[in-house]
Amino acid sequence: DKILVVGGDLRAHQRIRSSAEVADAEAQFVPFGGLVAALEKDSFDTVIVDLDDGRDAVLREVRDAGSKGLLPEAVLGYYSHVDIALGKMAEGAGVKPFRRGHFWSSLPSLLTEGRLL
């Protein structure tokens with residue numbers, strides 16, 4: 001499986017990369033603004049976005065990619081547990097939102113089981 005990660009800090013990248021390796025998946029990382037270009041170049045099984053860092057900008061990117069038919073079925077986003085409104089906005093944009101703590105605790109098993117939704 002191929003995973004595209006949009007945004008996030010270095011620690012997040014390391015955690016995702018480690019979980020992907022255990023699941024025999026490949027993770028590629030792009031900064032905000034790079035989602036559509038990455039999806040136009042290659043296909044991915046999963047997209048993961050850091051909703052806290054990107055907020056409205058990353059949701060616009062996701063909507064843009066979706067309107068072009070570029071998104072895979074699994075589009076996941078993680079966000080601060082206190083920002084319920086952001087989670088709801090993400091759902092409206094076609095992102096399966098996870099509170100940050102739940103995302104990190106679930107990611108290894110989600111990837112190894114191959115069931116992201």
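This passage describes the sheet, the helices packed on it, one buried histidine and the salt bridges of a predicted model. Because the model is predicted, local features need pLDDT of at least 70 and side-chain atom pairs count only at pLDDT 80 or more, while totals for chains, interfaces and linings use all residues. Residues are numbered from 1 along each chain as its sequence is written, and side-chain values use heavy atoms, with hydrogens and water left out.

Helices (H or I, at least four residues) and strands (E, at least two) are DSSP runs, numbered from the N terminus. Two strands pair if DSSP finds at least two bridges between them. In general, strands of a sheet pair through backbone hydrogen bonds, either parallel or antiparallel. In this model, 5 strands make up an open sheet with parallel pairing, in the order E2-E1-E3-E4-E5. Strand E2 (26–30) and strand E5 (96–99) each have a single partner strand, so at these edges one side of each strand is without a neighbour in the sheet. From one strand to the next, the twist averages 25°. Axes are lines fitted to C-alpha atoms, for helices over the stretch in contact, and angles run from 0 to 180 degrees between N-to-C directions.

Within the sheet, strand E1 (residues 2–6) pairs with strand E3 (residues 46–50) in the parallel sense over 4 bridges. Leu4 has Val47 as its bridge partner in E3. Contact means heavy atoms within 4.5 Å. Helix H1 (residues 10–22) lies across E1, E2, E3 and strand E4 (74–79), and runs at about 160° to E2. Helix H4 (residues 84–92) also packs on the sheet, where it touches E4 and E5. The direction of H4 makes about 160° with that of E5.

His13 is found in helix H1. Relative accessible area (1.4 Å probe, protein chains only) defines buried as under 20%, exposed as over 50% and partly exposed as in between. His13 has 15% relative accessibility and therefore counts as buried. A polar atom of its side chain lies 2.9 Å from the backbone oxygen of Gly7. With neighbours within four places in sequence left aside, His13 is in contact with Gly7, Gly8 and Phe29.

The structure holds 5 salt bridges, a salt bridge being a side-chain nitrogen of Lys or Arg within 4 Å of a carboxyl oxygen of Asp or Glu. In one of them, Asp42 is joined to Lys2, with the closest N and O atoms 2.2 Å apart. Asp42 lies in the loop between helix H2 (35–41) and E3, and Lys2 lies in strand E1, so the pair ties together parts that are 40 residues apart in sequence. Asp42 is partly exposed at 32% relative accessibility, and Lys2 is partly exposed at 22%.

Arg55 forms a salt bridge with Asp83, the closest N and O atoms being 2.4 Å apart. This pair links distant parts of the chain, since Arg55 is in helix H3 (residues 51–67) and Asp83 is in the loop between E4 and H4, 28 residues apart. Arg55 is partly exposed, at 32%, whereas Asp83 is buried, at 18%.

Asp64 and Lys68 meet through their side chains in a salt bridge of 3.8 Å, N to O. Asp64 is partly exposed, with a relative accessible area of 31%, and Lys68 is partly exposed at 45%. A network of salt bridges links Asp50, Asp52 and Arg100.

How values were computed
A polar contact is a pair of N or O atoms within 3.5 Å; within protein, one must be able to donate a hydrogen and the other to accept it, and residues adjacent in sequence count only if both atoms are side-chain atoms.
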